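Grab a pencil and get ready to poke around a protein model. The exercises below each come with a worked solution, so try them yourself before reading on.

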Amino acid sequence: MYLHIGNEKILSEKDIIGVFDIENASVSKLTKEFLSKAQKGGEVVSMTSDIPKSIIVWEHGGERRLYLSQLAPATLYKRSREFG
C-alpha cells in the first residue's frame with residue numbers, strides 16, 4: 001500500500017520506518033542529534049512551508065530520507081488504515 005504524506009508526495013508503506021510527532025520527538029537529546037545529522041547529510045525533505053507536525057522516516061535500497069509533513073501523525077495513521 002501507499003501513503004500520501006502531503007504536498008503530492010506518496011510513499012510505499014513498506015519503506016516507512018516510522019512516523020513521529022515532531023513536537024514530542026524534538027524534546028529528546030538523541031532525536032535532536034539524529035535530526036541534526038540527517039539535516040547535515042541532506043536527508044531531510046520538508047513537505048511544507050508551515051510548521052511541520054510529523055517526521056516520516058523512510059528508507060529504500062540503502063537510501064534514507066526524513067520527510068517533514070504538515071500532517072499530524074494521527075492523520076497519517078488514519079490514511080494508512082483507510083485502504084489497508
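What follows is a set of five exercises on this model.

Before you start: this is a predicted model, where local features need pLDDT of at least 70, side-chain atom pairs count only at pLDDT 80 or more, and totals for chains, interfaces and linings use all residues. Residues are numbered from 1 along each chain as its sequence is written, and side-chain values use heavy atoms, leaving out hydrogens and water.

**Exercise 1. Work out the overall layout.**

Step 1: list the elements. There are 3 helices and 6 strands (DSSP runs numbered from the N terminus: helices are H or I with at least four residues, strands are E with at least two). Starting at the N terminus, the order is β-β-β-α-α-β-β-β-α.

Step 2: check the size. The C-alpha trace spans about 35 × 30 × 20 Å along its principal axes. The radius of gyration is 12 Å, which agrees with the value near 12 Å for a compact globule of 84 residues (taken over C-alpha atoms; the globule rule is 2.2 Å times the number of residues to the power 0.38).

Step 3: look inside. Buried residues make up 33% of the 84 residues (buried is under 20% relative accessible area, exposed over 50%, partly exposed in between, with a 1.4 Å probe and protein chains only).

**Exercise 2. Find the largest nonpolar core.**

Step 1: recall the rule. A nonpolar core is a set of buried Ala, Val, Leu, Ile, Met, Phe, Trp, Tyr and Cys residues joined through side-chain atoms within 4.5 Å.

Step 2: collect the members. The largest one has 10 residues: L3, I5, L11, I16, M47, I56, W58, Y67, L71 and L76. Strand 1 and strand 5 are the elements that give two or more residues to this core. Apart from it sits another core of 8 residues, including I22 and V57.

**Exercise 3. Track down the aromatic pair.**

Step 1: apply the cut-offs. Rings of Phe, Tyr and Trp (its six-membered ring) pair if their centres lie within 6.5 Å; planes under 30 degrees apart are stacked, over 60 edge-to-face, and the rest tilted. That gives 1 aromatic pair.

Step 2: name the partners. W58 and Y67 sit edge-to-face, 6.3 Å centre to centre with 75° between the planes.

Step 3: check burial. W58 has a relative accessible area of 12% and is buried; Y67 is buried too, at 6%.

**Exercise 4. Which side of helix 3 is buried, and what covers it?**

Step 1: spot the buried residues. In helix 3 (residues 73-82), these are P73, L76 and S80. They lie on the same side of the helix because they cover an arc of only 60° around the axis (the arc of the directions from the helix axis to the C-beta atoms).

Step 2: turn to the other side. There, K78 and E82 are exposed.

Step 3: find the cover. It includes strand 1 (2-6), strand 3 (16-21) and strand 5.

**Exercise 5. Compare S69 with H60.**

Step 1: place them. S69 belongs to strand 6 (residues 63-69), while H60 belongs to strand 5 (residues 54-60).

Step 2: look at accessibility. S69 is buried at 0%; H60 is partly exposed at 42%.

Step 3: follow the side chains. S69 reaches the backbone nitrogen of L71 at 3.0 Å. The side chains of H60 and D15 share a polar contact of 3.2 Å (N or O atoms within 3.5 Å; within protein, one must be able to donate a hydrogen and the other to accept it, and residues adjacent in sequence count only if both atoms are side-chain atoms).

Key. Contact means heavy atoms within 4.5 Å.
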